[in-house]
Amino acid sequence: MAASASGPQTLVLEGAVRLACGRSLESVEVAYETFGTLAEDGGNAVLVCHALSGDAHVASGPGPAGSERPGWWESMAGPGLPIDTDRYFVICTNVLGGCSGTTGPGSVDPATAERYGLRFPLVTIEDMVEVQAGLLDALGVDRLLAVVGGSMGGMQALAWASRYPERVDAVVAAATTGRIGAQAIAFNEVGRAAILADPAFKGGDYDLDLPPAEGLAIARMVGHITYLSQESMREKFGRRLRDRDEHAFEFVSEFEVESYLAYQGRRFVERFDANTYLYMTKAMDYFDWQPPKSMLPRFLVTSFTSDWLFPTAQAREIVRVLLERNAEVTFAEIASPYGHDAFLLETERHGALVAGFLARALEDRHCRGGAL
Amino acid sequence: MTPAELLRADLRLIADLVPEGSRVLDLGCGDGALLEHLRDRRGCQVRGIEISLSGVTACARRGLPVLQTDLDEGLRDLPGGSFDIVVLSQTLQEVRNLRLLLAEMVRVGTKAIISYPNFGHYPSRLRLGLRGRMPVSETLPYEWYDTPNVHYTTITDFRALCRTTGLVIRQEIALRVRENRARPVRFAPNLRADLAVAVVTRAPDEGIQLLPVNRMYGMRIAPYRTMSASVRGMRNEGACPQIRMGGGGVDRRRAPR
């Protein structure tokens, strides 16, 4: 079914996008990919939203050079998978402020013909949703069967429900929160501080060949600690040393966990932009979700036992306010040792839940379509 | 077979007790069989609570909104008065803090329908009394060393619990279940029934009070009513003077406050 994958696409939105901060952006470019075929009645469109470091390539398929590339949610989205690209028309966009094709701080400001850098307006999760809605308008997708996302993607899914309740039938919000706590803001701030303190950062106007690699790598290392759990770190690394049997008595990378984090940091710098990291973390910090007052879609909210970044208590808070609104909400806390990363890894049990939830949403849509 | 016939015997009976269009919460809803029946055939607005992920997954596939929650934590996320009926079907024996849960049930709902296995059933008594072995039966199918059940009750004990928990039993239906067919037991239910279904409400005026257990002795039990009368009573409530709770209702016969 790779043939039904669109490959990387871009579209320039007509008109200006008004942002929460009061500024607006002209000619926003949106990078997106689609998988599967839109049904004639348009009833099978599923928007998948990515997390902090993701992109539009949610399912495996042709990448930028036309070569096959694994999707960031390859075990969840694809033919025969829970977000089944044989049944659903799956759309994924790179978010506003991103660095994988959509307009962001790395884009050129048409007013000055220079890169925005920190002159790019601060964007919110709701602004990301506005841009996604603009893209769907342009693609002729009026309604969404579902919006699905984990972590920051889950925030977008929630924001969709509030912003466009009449356009969404179902929301899947995995490993996410209506508002992050002080602890998560603190970790985001450590990451930002590391980038801002890197001499190569130069107020955001760094040379693309000489980015603030140290700062961004440290930010990613901190991030990775928050994505794992104590249990998964003990399991994965313990106190094991890498390539040696004894301590070196020097400040070199010795423990497995050190070399893992260093590797993740290095790899991240190759594909991600430091300015975008600042904007994404700020958007998460600002997010403060209010559920819609009417026209509520059905919700599936999931959390993972060992996720201490977006803990179950915060998912339950989403559920609680939804219950106050008498929304149809399903909640599950999936036992997993993988921490926040579990939403990307626990595809068997989590996937079965998501698959059933989406399949039923599609059936109910067909029933309703027949009744109208 | 119709879906109704596939339902467990006590669930069929419970389904008949639920007025059409009710807002129903099923505690320990499993794979959602009862809720699906109530939604699709009785036009109810339904919600479930289930502890197992497999149950929640099955319910999601059926389009039933279900929260994965341990009932021992209570129902704290559910607003008060948000249901007409709260069902606890054959789950009571697995709940640790049962009095808290019962109080929660009548906080979030107007009526609670509770089904439970009767440990006072005569084969259980014979097995324990004569053979000296722990009872195992169709409604209590577990060996003592391998059971999820933490509480065993009899019909008489359940009545007493309700009284000390500020609850009034509005109807009680005792049943004998064989091969998933339930027959009402009218005579000597605590001895002859292996399953009971009770419709319970909060005692009027008093709110929920957890009285000390030792005050339950010497009190009169709530009037026992047969199944057919109960079912009729449920559908046509005002016609049953003995369950009106005006001045001298059952709750007034409690020990003095």
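This short talk walks through a predicted model with chains A and B, beginning with chain A and then turning to chain B.

Let me start with how chain A is laid out. The domain assignment divides chain A into domain 1, covering residues 2-179 together with 296-371, and domain 2, covering residues 183-283. If you take the centres of these two domains over their C-alpha atoms, they are separated by 26 Å. Where the domains meet, 24 residues of domain 1 are in contact with 19 residues of domain 2, and on the domain 1 side those residues divide into 13 nonpolar, ten polar and one charged.

Which residues have the most contacts inside the largest nonpolar core? They are Val46(A), Val90(A) and Val171(A), and the core that holds them has 176 residues. At least three of its residues come from domain 1 of chain A, and at least three from domain 2 of chain A. To get a feeling for one of these positions, please look at Val90(A), which, when residues up to four places away in sequence are not counted, touches a set of residues including Phe35(A), Val46(A), Val48(A), Val58(A) and Ile83(A).

Now to chain B. Its secondary structure comes to nine helices and eight strands, and of its 257 residues, 46% are buried. If we consider the contacts in chain B with a separation of 6 or more, 67% of them are between residues 24 or more positions apart.

I would like to follow chain B through a few of its elements, beginning with helix H2, residues 9-17, and helix H3, residues 33-42. Two packed helices are described by the angle between their axes and the distance between the axes. For H2(B) and H3(B), that angle is about 35° and the axes lie 10 Å apart, and the crossing is right-handed. On the H2(B) side the residues involved are Leu11(B), Ile14(B) and Ala15(B), and they meet Ala33(B), Leu34(B), His37(B), Leu38(B) and Arg42(B) of H3(B). Sorted by class, this contact has six nonpolar residues, one polar and one charged.

Moving on along the chain, Gly43(B) lies in the loop that runs between H3 and strand E2, residues 45-50, of chain B. Is Gly43(B) buried or exposed? It counts as exposed, because it has 11 C-beta neighbours inside 10 Å. Once its neighbours within four places in sequence are left aside, Gly43(B) is in contact with Glu20(B) and Gly21(B). Arg62(B) stands 19 residues from Gly43(B) along the chain, and the C-alpha atoms of the two are separated by 15 Å.

That brings us to helix H4 of chain B, residues 53-61, in which Gly55(B), Val56(B), Thr57(B), Ala58(B), Cys59(B) and Ala60(B) are buried. After H4(B) comes Gly63(B), which has a positive phi, near 75°.

Helix H4(B) also takes us back to chain A, and so to the place where the two chains meet. There, 14 residues of chain B are in contact with 22 residues of chain A. On the chain B side, H4 and strand E3, residues 66-68, each supply at least two residues, and H4(B) gives the most, with five. By class, the residues on this side of chain B divide into eight nonpolar, three polar and three charged.

How values were computed
Residues numbered from 1 in each chain as written. Chains lettered and ligands numbered in written order. Predicted model: local features only at pLDDT ≥ 70, side-chain atom pairs only at ≥ 80, totals over all residues. Buried ≥ 20, exposed ≤ 12 C-beta atoms within 10 Å, placed from the backbone. Helix = DSSP H or I, 4+ residues; strand = E, 2+ residues; numbered from the N terminus. Contact = placed C-beta atoms within 7 Å. Nonpolar A, V, L, I, M, F, W, Y, C, P; charged D, E, K, R; others polar. Axes fitted to C-alpha atoms, helices over the stretch in contact; angles between N-to-C directions. Left-handed = near helix turned anticlockwise from the far one by under 90°. Core = buried A, V, L, I, M, F, W, Y, C linked by C-beta atoms within 7 Å. Domains from an automatic or database assignment.
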